[in-house]
Amino acid sequence: MCIFCGIADGSIPSYKVYEDDYYLAIMDRYPSAKGHVLILSKRHAADLYELNEEEAVRLIPLTQKVAAHIRAKLGTPGLNLIQNNGKAAGQVIDHFHLHLVPRDENDGIIIKGNTPNQSEKELEQMAELLKLQ
């Protein structure tokens with residue numbers, strides 16, 4: 001059984017901070033910072049690509065609501081949104097979830113990404129390849 005499905009159906013306990021018909025926001029059991037919250041879909045969707053349109057439309061307003069609440073309650077000046085899709089991107093649990101990680105100045109948390117050095121020509125070619133029609 002998917003652990004997040006178990007949390008969504010109540011068979012696995014969690015520390016809920018929000019719930020509606022589509023999403024559940026819970027405290028991360030392995031937080032990167034104090035106040036680290038996960039927003040997860042109640043319906044099983046492995047990743048971003050499997051969310052349906054209604055779920056996708058509701059996600060950003062909910063994320064803004066939860067993020068603003070975290071900032072108001074904790075007073076943290078920053079917040080990282082982290083959402084991994086697929087093993088290659090670091091996804092550990094195959095159920096859509098979004099991390100909200102509150103940040104303070106000089107908190108020592110390092111979220112590192114590799115930044116390939118690309119030429120202007122390479123960037124132009126990639127933009128052309130990825131351009132939405």
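Reader: What is the relative accessible area of aspartate 107?
Author: The model is predicted: local features need pLDDT of at least 70, side-chain atom pairs count only at pLDDT 80 or more, and totals for chains, interfaces and linings use all residues. Residues are numbered from 1 along each chain as its sequence is written, while side-chain values use heavy atoms, with hydrogens and water left out. Buried stands for under 20% relative accessible area and exposed for over 50%, partly exposed lying in between, with a 1.4 Å probe and protein chains only. Aspartate 107 is partly exposed, because its relative accessible area is 28%.

Reader: With which residue does aspartate 107 form a salt bridge?
Author: A salt bridge requires a side-chain nitrogen of Lys or Arg within 4 Å of a carboxyl oxygen of Asp or Glu. The partner in question counts as buried, because its relative accessible area is 17%. With the closest N and O atoms 2.7 Å apart, aspartate 107 forms its salt bridge with arginine 103.

Reader: How many salt bridges does the structure hold?
Author: One of them joins glutamate 19 to lysine 16, where the closest N and O atoms are 3.2 Å apart. Another joins glutamate 19 to lysine 42, at 2.7 Å from N to O. The salt bridges in the structure number six.

Reader: Which residues are linked with Glu19 in a network of salt bridges?
Author: Glutamate 19 is partly exposed, because its relative accessible area is 37%. Lysine 16, at 45%, and lysine 42, at 24%, are also partly exposed. The residues linked with Glu19 in this network are Lys16 and Lys42.

Reader: In what order do the five strands of the open sheet stand?
Author: Strands here are DSSP runs of E with at least two residues and helices are runs of H or I with at least four, both numbered from the N terminus, and two strands pair if DSSP finds at least two bridges between them. The pairing in this open sheet is antiparallel, and its order is 1-2-3-5-4.

Reader: Which are the edge strands?
Author: An edge strand of this sheet pairs on one side only. The two that do so are strand 1 (16-19) and strand 4 (78-82).

Reader: By how many degrees are neighbouring strands of this sheet turned against each other on average?
Author: Axes are lines fitted to C-alpha atoms, for helices over the stretch in contact, and angles between N-to-C directions run from 0 to 180 degrees. For neighbouring strands of this sheet the direction is ignored, and the average turn is 20 degrees.

Reader: What angle does the direction of helix 2 make with that of strand 5?
Author: Contact is taken as heavy atoms within 4.5 Å. Helix 2 (residues 53-74) packs on the sheet and touches strands 1, 2, 3, 4 and 5, and its direction makes an angle with that of strand 5 (97-103) of about 25 degrees.

Reader: Which residue is the bridge partner of leucine 24 in strand 3?
Author: Strand 2 (residues 23-27) and strand 3 (residues 37-41) run antiparallel and are joined by five bridges. One of these pairs isoleucine 26 with leucine 38. On the strand 1 side, leucine 24 is the bridge partner of glutamate 19. In strand 3, the bridge partner of leucine 24 is leucine 40.

Reader: How many residues of strand 2 are buried?
Author: Strand 2 forms a hairpin with strand 1, with three residues between them, and three bridges join these antiparallel strands. Strand 2 is mostly covered, and of its five residues the number buried is four.

Reader: Which residues does isoleucine 3 contact, leaving aside its neighbours within four places in sequence?
Author: Isoleucine 3 lies in helix 1 (residues 3-8) and counts as partly exposed because its relative accessibility is 42%. The C-alpha atom of isoleucine 3 is separated by 9.3 Å from that of aspartate 94, 91 residues apart along the chain. Beyond the sequence neighbours, isoleucine 3 is in contact with Ile12 and Ile93.
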